[in-house]
Every structure is written in structure tokens, then in C-alpha cells.
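Me: I am new to this structure and would be grateful for a close look at a single part of it. Please treat that part in one connected account.

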Amino acid sequence: PPPAGASPGSGALNPFDRRLKRKQKNWAALQAEPAKCDYLREEVRDWRGHLECCGQLTFPLALDVGSGRGYISQHLTKETVEKLIQVDIAENALKNAVESEIPTVRVVADEEFLPFKADTFDLVVSSLSLHWVNDLPKAFREIHQVLKPDGVFIGAMFGGDTLYELRCSLQLAELEREGGFSPHVSPFTAVADLGHLLSRAGFNTLTVDTDEIQVNYPGLFEVMEDLQGKYILCMGESNCSWNRKPLLHRDTMLAAAAIYQEMYGNSDGSVPATFQIYYMIGWKYHESQAKPAQRGSATVSFGDLAKIEGLLKTGKK
């Protein structure tokens, strides 16, 4: 079980109620036909493509952090990963995990407190889980610690612009109708900070990329229904911030719906909901890895790059 470190008085250091998040994910794992709720996970890039970019064909031992029902394992083969350890905060998610051809061990543990020895895994993956971690720098350090030298971490998490349309519409409506606003969408990490956090944790040869997934709905009420009901809640993605507001007034909701449609509405009358995804790849240092050339050893000036097109046209090498 997760430690009792977070409390309402912890402020910005612990924005999320991890016990509530565990209950949400446990509830989500018991819903009928949970696979229908994985539409966002299906849109996240193919994990096999990430592994191919790493240039390594086989990983003897891999760790899936925040595995949920084991979505990533469905995109891996036993030729790529010989053995997989799945870790999640919710025991029901692990009990109802999808079966995989890869030999798998499932462990109930918190992403911030990985119960493994240092230098254990050849590969660590995480898909749409780390945005609920209170101490992201510590989680990155834990992942770096359990990786073997020359091991690689591949992750995906929701980014700072996720659901910005909904966030802005609700804030403007609450300011107008109630004279202030409370957060209804959980806080997310900015992409500008992600590379710095990974570097501080000890990762090198970093790759950080962003992508956006846009889902269209008839209106704000349908967006809220999906977020609170059949889709995002089934994924265990309900807001668990300590300072979340328990309810919204009817007048505020009607005003937010009008603002949403006016500011972001599509020409066909629908409204978009944007999900920003951060993708990251980082390696643990090993002496065999390529090193940058010494400063001043370059033989070609960057100023000559502008001449390349002209040289190609004249057939010169």
C-alpha cells in the first residue's frame, strides 16, 4: 500500500490524494468491459516503435510502472521482452490484467516507492500513469536507480495543455457566476520542465517529444459525462487533487457550456477536447555509450551548412 505521506495540509508538495486515486483505479478495474475505456491508450504511439528506436532487440527483464490492466504488455512480444514485472498502486487492476505471452509477475506498489534493488532492469516503461505522482522528480530517480547501466526508460504521460478548453471554460463561468474558481482538472507538468527533471534524475541521451489527441463531442455536458463517467473514470483518471471542488452549480455549468461552444466550437456544432501527450526516452549511463566530441574538434563550421544545397545542385561532394 502507498505510504501515508500526503495530506490536505501538504500543499503544493502533495497535490494528489493518492489513497483516493488508488480507490478510483480499483473501482475502474472492476467495471464491465473495461477495454472499451482504453481509447486514449490506443492512440498513444506504438511501443514496439519506441523499442526499435532504441536499437536493442531483446530486453531480458523489463518493468512496467503504473501498468494498470497491462496495456503495454499487449504491444510487446517475448522476442522483445523475456520477462516483465508489472507494478501498480491498485490491486484490482493487477488481478484483472490482460494475459500476455510474456512471463509476467505483478506487484502492488507505489510508483514513488519502487520495491526493487538498484541495477535490476534492462528496460522500464510507463504509459499514462506518472501524471498522478506527487513527487515526479523522486519517481524519475527511483526509475533511474532500478535500471541497469545502459538500461533505457521509455514513458508517456499527459501534458500541461490537456483539457485546456474545459479548464478555461469552467474558470470563466465560475468567475462570472460565483466570483471565483476552483480547479476541476488536475495539474500537469510543463514540457519545458520534463527534460530538466529527467536530466537531474541522472538520465542522459534524452529524447522528449509532444503530441496532441483531439476528441470531438456534441457539447460540454458530453465531455463531462465522459470524463466523470464511462471513459476516463473507467481508466481511473478522475480528479484526485486535494483542492478539487466536489460539485458544480447548474447555472455555472450552463454558462460554461455556452463559453465552451463560443470559444472553441467546431463549424459542425461539436466541441473539441484536447489531450496532450509527452513522450520521453532516457538512458542510464554506461562507459560503452557514445560520448560527445571534445570542444573545438569539429572540422566543419555550422556556417557552411547553408552551402549544402548549392553543392548538391552542382553535383559536388
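Does Leu163 count as buried or exposed, and at what relative accessibility? Please then describe the strands and helices around this part of the chain.

Reply: Leu163 counts as buried, with a relative accessibility of 9%. The model in which this value was computed is a predicted one. Leu163 belongs to the loop between E5 and helix H6 (164–178). The backbone of Leu163 has a positive phi of about 60°, although Leu163 is not a glycine. A positive phi is also found at Asp150, about 75°, and Asp150 is not a glycine either. Asp150 is located in strand E5. With a relative accessible area of 30%, Asp150 is partly exposed.

A few words on the whole chain may help before the strands are taken up. The protein chain has 317 residues, of which 47% count as buried. Its secondary structure comprises 10 helices and seven strands. Among contacts between residues at least 6 apart in sequence, 76% join residues at least 24 apart.

The strand that precedes the loop of Leu163 is E5. Strand E5 covers residues 147–158. Nine of the 12 residues of E5 are buried, so E5 is largely enclosed by the rest of the structure. Strands of a sheet pair through backbone hydrogen bonds, either parallel or antiparallel. E5 shows one arrangement with E4 and the other with E7. Strand E4 (residues 121–127) runs parallel to E5, and six bridges join the two. Within this pairing, Val124 has Phe153 of E5 as its bridge partner. Strand E7 runs antiparallel to E5, and seven bridges connect them. Phe153 appears here as well, with Gly282 of E7 as its bridge partner. Met157 stands opposite Tyr278 in E7.

Strand E7 (residues 271–283) is itself mostly covered, with 13 of its 13 residues buried. Val271, Ala273, Phe275, Ile277, Tyr279, Ile281 and Trp283 point one way from E7, and these residues are buried. Pro272, Thr274, Gln276, Tyr278, Met280 and Gly282 point the other way, and they too are buried. E7 is also joined to strand E6 (residues 204–217) by 12 bridges, and E6 and E7 run antiparallel. In that pairing, Ile213 has Phe275 of E7 as its bridge partner.

These pairings belong to an open sheet of seven strands, in the order E3-E2-E1-E4-E5-E7-E6 and with mixed pairing. Strand E3 (104–108) and E6 are the edge strands, each pairing on one side only. On average, neighbouring strands of this sheet are turned by 15° against each other, direction ignored. Helix H5 packs on the sheet and touches strand E1 (62–65), E4, E5 and E7. The direction of H5 makes about 145° with that of E5.

Helix packing can be considered next. Two packed helices are described by the angle between their axes and the distance between the axes. For helix H5 (residues 136–146) and helix H7 (residues 191–200), the axes come within 9 Å and cross at roughly 45°. H5 and H7 are therefore oblique to each other. Their crossing is right-handed. H5 contributes Leu136, Pro137 and Phe140 to the contact, and H7 contributes Leu194, Leu197 and Leu198. The residues of this contact comprise six nonpolar, no polar and no charged.

The helix that follows the loop of Leu163 is H6. The axes of H6 and helix H9 (residues 250–264) come within 8 Å and cross at roughly 130°. That angle makes H6 oblique to H9. The crossing of H6 with H9 is right-handed. On the H6 side the contact includes Tyr164, Leu166, Cys168, Leu170, Leu172 and Ala173, as well as Glu165 and Arg177. On the H9 side, Asp251, Met253, Ala256, Ile259, Tyr260 and Met263 are among the residues in contact. The residues of the contact of H6 with H9 divide into 13 nonpolar, two polar and six charged.

To return to the starting point, the buried residue Leu163 lies in the loop between E5 and H6. On one side of that loop is E5, a strand largely enclosed by the rest of the structure; on the other is H6, which passes H9 in a right-handed crossing.

Definitions and conventions. Residues are numbered from 1 along each chain as its sequence is written. This is a predicted model: local features need pLDDT of at least 70, side-chain atom pairs count only at pLDDT 80 or more; totals for chains, interfaces and linings use all residues. Side-chain values use heavy atoms; hydrogens and water are left out. Axes are lines fitted to C-alpha atoms, for helices over the stretch in contact, and angles run from 0 to 180 degrees between N-to-C directions. Helices (H or I, at least four residues) and strands (E, at least two) are DSSP runs, numbered from the N terminus. Angles under 35 degrees count as roughly parallel, over 145 as roughly antiparallel, 65 to 115 as roughly perpendicular and the rest as oblique. A crossing is left-handed if the near helix is turned anticlockwise from the far one by less than a right angle, and right-handed if clockwise. Contact means heavy atoms within 4.5 Å. Ala, Val, Leu, Ile, Met, Phe, Trp, Tyr, Cys and Pro count as nonpolar, Asp, Glu, Lys and Arg as charged, and the others, Gly among them, as polar. Buried means under 20% relative accessible area, exposed over 50%, partly exposed in between (1.4 Å probe, protein chains only). Two strands pair if DSSP finds at least two bridges between them.
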